[in-house]
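The exercises below are meant to be worked with the sequence and the model side by side. Try each task before reading the solution that follows it.

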There are 2 protein chains.
Amino acid sequence: MVKTEFSPIADTTRRAEIVALLRRAILTGQLEPGQKLNELRISEQMRVSRAPLREAMRELVQEGILTSIPYAGTFVINVTAKDIDDAYSLNKVLDEFAIERMWKQRDQRFFDELDRRHDAVKQATRDRDTTRQIETALQLHGLIHEWADNSVLLETWQRLTSRLQMYFALHQQARREAVPAEDVHETYVALLKGGDMRAAQRHAREHIDLDFEELLAYARDLERRPSKGS
Amino acid sequence: MVKTEFSPIADTTRRAEIVALLRRAILTGQLEPGQKLNELRISEQMRVSRAPLREAMRELVQEGILTSIPYAGTFVINVTAKDIDDAYSLNKVLDEFAIERMWKQRDQRFFDELDRRHDAVKQATRDRDTTRQIETALQLHGLIHEWADNSVLLETWQRLTSRLQMYFALHQQARREAVPAEDVHETYVALLKGGDMRAAQRHAREHIDLDFEELLAYARDLERRPSKGS
DNA sequence: ACTTGTTAGATTGTCGACAATCTGATTGTC
DNA sequence: GACAATCAGATTGTCGACAATCTAACAAGT
């Protein structure tokens, strides 16, 4: 009996690949909020027919990063300051819940993975790769949800993450300047390694991470001066 | 200037109607967990082509009540006891959050709507209409989420609700006996009308509503004796 | 008996074409 | 000029057919 573990075979449908392509384009800000997705144009660019493309778009609509109006079109969601605020406040609650659930399950493997993801953030920061920085930071924060052993929670968090990633990407894209040099995750990681669960939860609830305030200000500013994409 | 409020025009795409039909069939237990959805058969029954049907199925997959395996088929999700437990524990957290957010926004309109939905539950109970009873009970509980003024929370709760409704429907279907005659929502409604927010939150967190324990036991029993649908 | 290769049937995935609907410009009327 | 009716173009929604893939049954070899 061989004990080798195989990972699931890759999805080989065009639909799955289209979903991945579109999601990436949206989350990195290549497709701007409010922008309309022309089915014919995209299907020609991707060299696929409209059927799998439309199915992929349906998925992303349900995922919450596209919105569809019958006979009018499918659009990238518009980011309002309220949306960001809503997502962020709920995210805090979920973080707190996740910490409570995973706390007892922490072990060496968890700590190792925590360090690994933390290192990835630091690496991306050194590289000045903003997109990757956002991606890795969210992956770092996602660890507690993965370890909370609650599939519904994890799924919910991933949905939230999609939007947050999109928001941050837009924000970073707007102010082309340098990214936060300081590592704001040190405290977070240290608390997760420590023995005080309440402290970790308090940190999750109170600490404004990832330049959230700045992000909100940016979003509010956008709303004051609406551009083409609305 | 006329002040009449118009509700949004009904979705006139086949896709939307198919989604509604399928969702209803799943949530009421007409389609059993694990059951495969044959596209050709369903499209013929509904007198539509497979294209809108497939798009509808993609939406329900993202909604979490269907699951899809490429080239194998799309199936109604299987209900495990852990899923129920996960959904329920997260639901409690969301309830608590929702109560906090909507507490200050309560007004006469809220109380009226609360009573209206409570009455609907009682009516369904009198009618011995179990399906409707589940539906109305969840609508009653959904009110706090609708009033919390957080779109992401509401969306998340609705996703959760879908599954819970499915679980309860299956449960009710299994034990064909009478439904809970006592109105378990009296306390809940009273607390939401009262002045003690903490008490309402505690109730949401601690009170095992809707025969949850019984539901869990049923699910665990199902897993011990797996049937065709797995 | 067990495994492997083959094949037919059924089902899902994808395509190209047509129908329904929307949008914006144009025309005609007052 | 303002406004309604009409129309052409573009775009989305839907359809029927074909291609790719899976499943299960059977045959052949060890």
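**Exercise 1. The surface near DNA strand D**

Of the atoms of DNA strand D within 4 Å of the protein, what percentage belongs to sugar or phosphate? Establish also which residues and elements lie around this strand, bearing in mind that the model is predicted.

*Solution.* Begin with the strand itself: among its atoms within 4 Å of the protein, 75% are sugar or phosphate atoms, and the rest are base atoms.

Next, turn to the protein side, where 20 residues surround DNA strand D, the closest being Asn38(A), Arg50(A), Arg54(A), Arg14(B) and Ser49(B). Sorted by class, the residues of this surface are eight nonpolar, four polar and eight charged.

Then place the surface in the secondary structure: strand 1 (36-37) and helix 3 (50-63) of chain A, along with helix 1 (14-27) and helix 3 (50-63) of chain B, each contribute at least two residues.

Finally, look at individual contacts with phosphate oxygens of DNA strand D. A polar backbone atom of Arg14(B) is 2.4 Å from one such oxygen, a backbone N or O atom of Tyr71(A) lies 3.3 Å from a phosphate oxygen, and for a backbone N or O atom of Glu39(A) the distance is 3.4 Å.

**Exercise 2. The surface near DNA strand C**

Carry out the analysis for DNA strand C, and decide which contacts come from a side chain and which from the backbone.

*Solution.* The strand is surrounded by 19 residues, of which the closest are Arg14(A), Ser49(A), Asn38(B), Arg50(B) and Arg54(B). This surface comprises seven nonpolar, four polar and eight charged residues, and 75% of the atoms of DNA strand C within 4 Å of the protein belong to sugar or phosphate.

The elements that each supply at least two residues here are helix 1 (14-27) and helix 3 of chain A, together with strand 1 (36-37) and helix 3 of chain B.

For the contacts, two side chains can be named: a polar side-chain atom of Arg54(B) lies 2.5 Å from a phosphate oxygen of DNA strand C, and an N or O atom in the side chain of Asn38(B) is 3.2 Å from a phosphate oxygen of this strand. Leu37(B), by contrast, makes its approach with a backbone N or O atom, 3.4 Å from a phosphate oxygen of DNA strand C.

**Exercise 3. Two sides of a helix**

Which residues of helix 2 (residues 39-46) of chain B are buried, and how are they arranged around the axis?

*Solution.* The buried residues to consider are Glu39(B), Ile42(B) and Ser43(B). They span an arc of only 100° around the axis, and therefore lie on the same side of helix 2 of chain B. This agrees with the general rule that an α-helix has 3.6 residues a turn, so residues three or four places apart point the same way. The face turned away from the buried side carries Leu40(B), Glu44(B) and Gln45(B), which are exposed.

**Exercise 4. Aromatic rings and charges**

How many aromatic pairs are there over all chains, and what is the geometry of the pairs that involve Phe110(A) and Phe110(B)?

*Solution.* The count over all chains is four aromatic pairs. In one of them, the ring centres of Phe110(A) and Phe111(A) are 5.7 Å apart and the planes meet at 65°; because an angle over 60 degrees counts as edge-to-face, the pair falls in that class. Phe110(A) and Phe111(A) are both buried.

For Phe110(B) and Trp147(B), the centres are 5.3 Å apart and the planes stand at 75°, so this pair is also edge-to-face. It links distant parts of the chain, since Phe110(B) belongs to helix 5 (residues 108-126) of chain B and Trp147(B) to helix 6 (residues 130-147) of chain B, 37 residues apart. Both Phe110(B) and Trp147(B) are buried.

In chain A, Phe110(A), Phe111(A) and Trp147(A) form one aromatic cluster. As a last step, consider charges over rings: the charged end of Arg106(A) sits over the ring of Trp103(A), 3.6 Å from its centre, and Arg106(B) lies over the face of Trp103(B), 3.6 Å from the ring centre.

How values were computed: Residues are numbered from 1 along each chain as its sequence is written. Chains are lettered from A and ligands numbered from 1 in the order in which they are written. This is a predicted model: local features need pLDDT of at least 70, side-chain atom pairs count only at pLDDT 80 or more; totals for chains, interfaces and linings use all residues. Side-chain values use heavy atoms; hydrogens and water are left out. A residue is near a molecule or strand if one of its heavy atoms lies within 4 Å of it. A polar contact is a pair of N or O atoms within 3.5 Å; within protein, one must be able to donate a hydrogen and the other to accept it, and residues adjacent in sequence count only if both atoms are side-chain atoms. Helices (H or I, at least four residues) and strands (E, at least two) are DSSP runs, numbered from the N terminus. Ala, Val, Leu, Ile, Met, Phe, Trp, Tyr, Cys and Pro count as nonpolar, Asp, Glu, Lys and Arg as charged, and the others, Gly among them, as polar. Rings of Phe, Tyr and Trp (its six-membered ring) pair if their centres lie within 6.5 Å; planes under 30 degrees apart count as stacked, over 60 as edge-to-face and the rest as tilted. Buried means under 20% relative accessible area, exposed over 50%, partly exposed in between (1.4 Å probe, protein chains only). A charge sits over a ring if NZ of Lys or CZ of Arg is within 6 Å of the ring centre and within 35 degrees of the ring normal. The arc is that of the directions from the helix axis to the C-beta atoms.
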